[in-house]
Amino acid sequence: MKQSRLFIVGMLLLSALSFSTKAADFSFTVNWDNPGAVQIIQGGVSSPSLTIDADKTSWTGTEPDSYYVKPAPGYIILNVHEKYIKADTKQEIDRDKKLGGNEKYGQFCDISTRSLLNGAVYTITTKKLSDAGSFTLNVKNGADKFKAWFKNDKSGGSEEVFSTFSAIGFHKGEQEIKITDHDKYLNLSPLGSTKIFKVTLNGESQDLIWGGYEIPVKNGDNVIVQVFEQDPTACDVSIKFTNNENCLQDIYNRATGKFVKPDELAALNNRLSVDEGDVLQFNFNEDYTVSAIKVNGTPAENFSASGFSLTVSQDSQIEFTATAKIYPDVPVTLYLKNPEGIIIRKGPFNEDEVIDLGEGEELTSNVSFPNAGNLVIKAGEAKKYVFSVSGKRPQFFWSSKPGYWINEAVLCNSSDNASTWPSPGVMADQTPLYLAAKAVNTDNTLVFFFDGAEKEAKCFAENEAVSERLSFPGLGSENYIPVGYTISSFDPDYHKSISAGKVGGAQNKLIEIVVNGTKLKAADDGTFGFKLTADMDPAIVKVFSREAINVGGSMEVKNPVSELTVNFETTGSNTADITYDKIFRHEDPTKALKVIGKTLVSMKPAAGTLVIVDGNPVEPNADGLCEFWAEKRSHKVVFTDTSAVEEIETTETDPESKVYNLQGIEMKLDFDRLPAGIYIRNGKKIIKK
């Protein structure tokens with residue numbers, strides 16, 4: 001069951017690779033001064049912010065993408081310093097970055113890491129805002145006809161880039177608006193063709209500047225906004241669709257900045273109430289072709305394939321005549337090797353319909369695609385399948401079944417100039433497509449030993465054939481390595497390599513990694529990578545968290561992991577089977593055992609053999625193993641004959657008899673004061689417990 005979960009996780013990750021640009025060993029760092037002062041957003045500025053612990057002042061990203069840094073509520077960003085190397089030109093950039101923002105999304109700074117080399121660093125300086133009181137805002141009418149936000153300087157001012165750009169929520173009537181020490185100007189701007197009739201500050205009229213108002217506000221001020229001298233005339237707009245073909249994607253009112261979706265329009269019985277002078281933009285659904293529009297019975301000519309605009313001057317009836325577009329079926333050709341391990345779906349997830357490919361056609365001769373990396377599909381190694389896909393964007397999805405992975409995926413279309421690994425979502429007109437499945441090998445062992453604070457390192461499996469990092473089962477999406485984590489099996493053909501590195505914890509800690517007794521050298525970004533091969537079975541990965549010191553601006557290990565030596569000594573034919581890390585055998589007891597870091601050494605003594613470790617006898621456990629932890633630079637293990645050892649009571653000792661240790665050194669202390677161990681007296685070995 002554990003292995004099945006491993007394979008399922010790996011296959012699901014492969015299915016999630018659509019259009020991924022994530023690099024195998026890429027990271028960048030964002031640092032800031034005040035805990036909880038910033039928000040980091042991946043993708044668009046309107047996307048939700050990433051989850052970052054409130055006490056953190058640093059975050060590491062691992063995906064080349066677009067990011068936005070915004071101040072958290074109650075803060076502003078004063079400066080962003082960027083330091084990186086461009087991937088194409090290798091140009092080094094070390095400068096302050098221009099800040100920006102707008103009234104809708106507030107202050108933000110955009111960071112694009114798509115074209116950067118690994119290791120970019122962004123340093124952010126913030127300021128916590130102080131309460132500066134409040135002022136009164138009285139909106140006489142037309143609350144949805146203008147927008148308002150705060151700035152800390154007038155338009156074009158040198159410090160405008162530091163503005164909070166804080167949009168405020170307001171309503172019709174009188175309300176109290178709180179301000180901070182950074183909210184110096186209230187900006188007002190009308191929407192669409194609407195005009196603000198009058199604005200007063202403490203009874204004094206304010207001047208219109210560049211189509212809007214910039215009003216200096218402070219605690220106790222009174223601002224009155226009148227959008228119209230009197231209420232505007234309301235107009236009723238009814239909408240009709242010939243043959244009930246609703247061809248609209250949405251309706252946008254430029255005056256109010258609001259959208260009406262088709263389901264909202266239907267709930268309003270296809271009828272809108274707007275103000276005289278409002279401009280409505282009717283945006284068409286791309287699945288329809290609009291052939292005619294009538295306004296109050298008169299044909300309209302000023303419309304395009306994408307939309308129609310109307311300035312409302314009276315009650316109006318608008319009629320749209322449209323027909324749904326018909327999308328022809330697109331033929332698809334697949335060449336599949338080991339099709340029993342491949343799933344073809346109409347969608348990317350399990351709940352989507354699986355396409356029945358039928359029995360397929362056996363290839364009686366080789367099929368060549370010179371423009372696809374000179375791909376040759378050999379007869380008897382793959383089958384040909386043909387089906388069709390319909391829809392606006394005819395697409396199908398491929399994935400592997402549990403116990404398999406796709407090790408080859410090639411777009412064979414003659415327009416391609418080289419072999420291409422396609423995403424799991426493939427447009428139908430890009431085929432033919434060649435997919436080869438491979439059964440996952442489960443006979444190899446991968447074991448992690450972790451020494452240090454929990455969640456100090458991150459580990460990923462990687463595959464050169466895909467651009468995505470693959471998770472390990474049990475680690476979760478963050479892939480932190482907990483103490484003593486063990487994976488029972490891995491496939492060296494599927495998990496091509498392992499990459500690990502420090503991603504959190506105290507800044508005075510570093511990570512060291514030892515694989516099968518060999519210490520790895522860290523890359524420039526502090527990560528470690530190594531190839532997995534079948535002859536590494538089992539692969540023993542030791543991860544060490546170590547204290548560090550700052551030397552010349554870089555962190556160096558203060559207490560590095562040392563090589564430990566275990567020496568063995570035998571008497572007569574006494575011996576034992578020796579293993580370490582519970583997996584590896586030490587074949588020759590005449591040679592010293594070299595281990596890295598604290599290591600468990602297990603010995604199964606032959607009959608009649610006594611095991612002495614550093615002068616102390618070791619009793620076998622329930623498994624018959626004599627075990628100890630190697631953690632000093634040097635240990636000595638003696639295999640001796642139990643038949644030559646006599647147990648004696650200290651009361652029977654002859655104080656005049658000389659006592660020697662196993663090295664032949666005379667013990668000066670009385671026998672009853674000696675530590676437990678094996679000694680020699682009167683030519684015989686004796687054990688003292």
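**Notes on a strand-rich predicted model**

1. Let me start with a pair you can find quickly: Ile511 lies opposite Ser545, a residue of β44. Please keep in mind while you look around that this is a predicted model.

2. That pair belongs to a longer pairing. Strand β41, residues 509-515, is joined to β44 by seven bridges, and the two run antiparallel. If you have the viewer open, β44 is a good strand to stay on for a moment, as another partner comes next.

3. Which strand pairs with β44 in the parallel sense? Strand β37 does. It covers residues 444-451, while β44 covers residues 539-551, and six bridges link the two. Within this pairing, Phe450 has Val543 of β44 opposite it. So β44 is antiparallel to β41 and parallel to β37. As a general reminder for reading side chains here, those of a regular strand alternate between the two faces of the sheet.

4. Now for another sheet to look at. Five strands form an open sheet in the order β12-β10-β17-β14-β15, and its pairing is mixed. At the edges are β12 (173-180) and β15 (204-205), each of which pairs on one side only.

5. Inside that order, β10 and β17 are listed next to each other. Strand β10 spans residues 131-139 and β17 spans residues 222-226; they pair in the parallel sense over four bridges. One residue to pick out is Val139, whose bridge partner in β17 is Val225.

6. A loop residue deserves a look as well. Pro328 sits in the loop that connects β26 (316-324) with β27 (330-337). Is Pro328 buried or exposed? Its relative accessible area is 59%, over the 50% cut-off, so Pro328 counts as exposed.

7. Which residues does Pro328 contact beyond its neighbours within four places in sequence? They are Val389 and Ser390. Ser390 is 62 residues away from Pro328 along the chain, yet their C-alpha atoms are separated by 6.2 Å. Pro328 is thus an exposed residue that still has contacts with Val389 and Ser390.

8. Finally, some totals for the whole chain. Its secondary structure consists of two helices and 59 strands. Of the 689 residues, 43% are buried. Among contacts with a separation of 6 or more, 71% are between residues 24 or more positions apart. The accessible surface is about 35,500 Å², and carbon and sulfur atoms account for 47% of that area.

Definitions and conventions
Residues are numbered from 1 along each chain as its sequence is written. This is a predicted model: local features need pLDDT of at least 70, side-chain atom pairs count only at pLDDT 80 or more; totals for chains, interfaces and linings use all residues. Side-chain values use heavy atoms; hydrogens and water are left out. Buried means under 20% relative accessible area, exposed over 50%, partly exposed in between (1.4 Å probe, protein chains only). Contact means heavy atoms within 4.5 Å. Accessible areas come from the Shrake-Rupley method with a 1.4 Å probe; for residues, only the protein chains shown count as cover. Two strands pair if DSSP finds at least two bridges between them.
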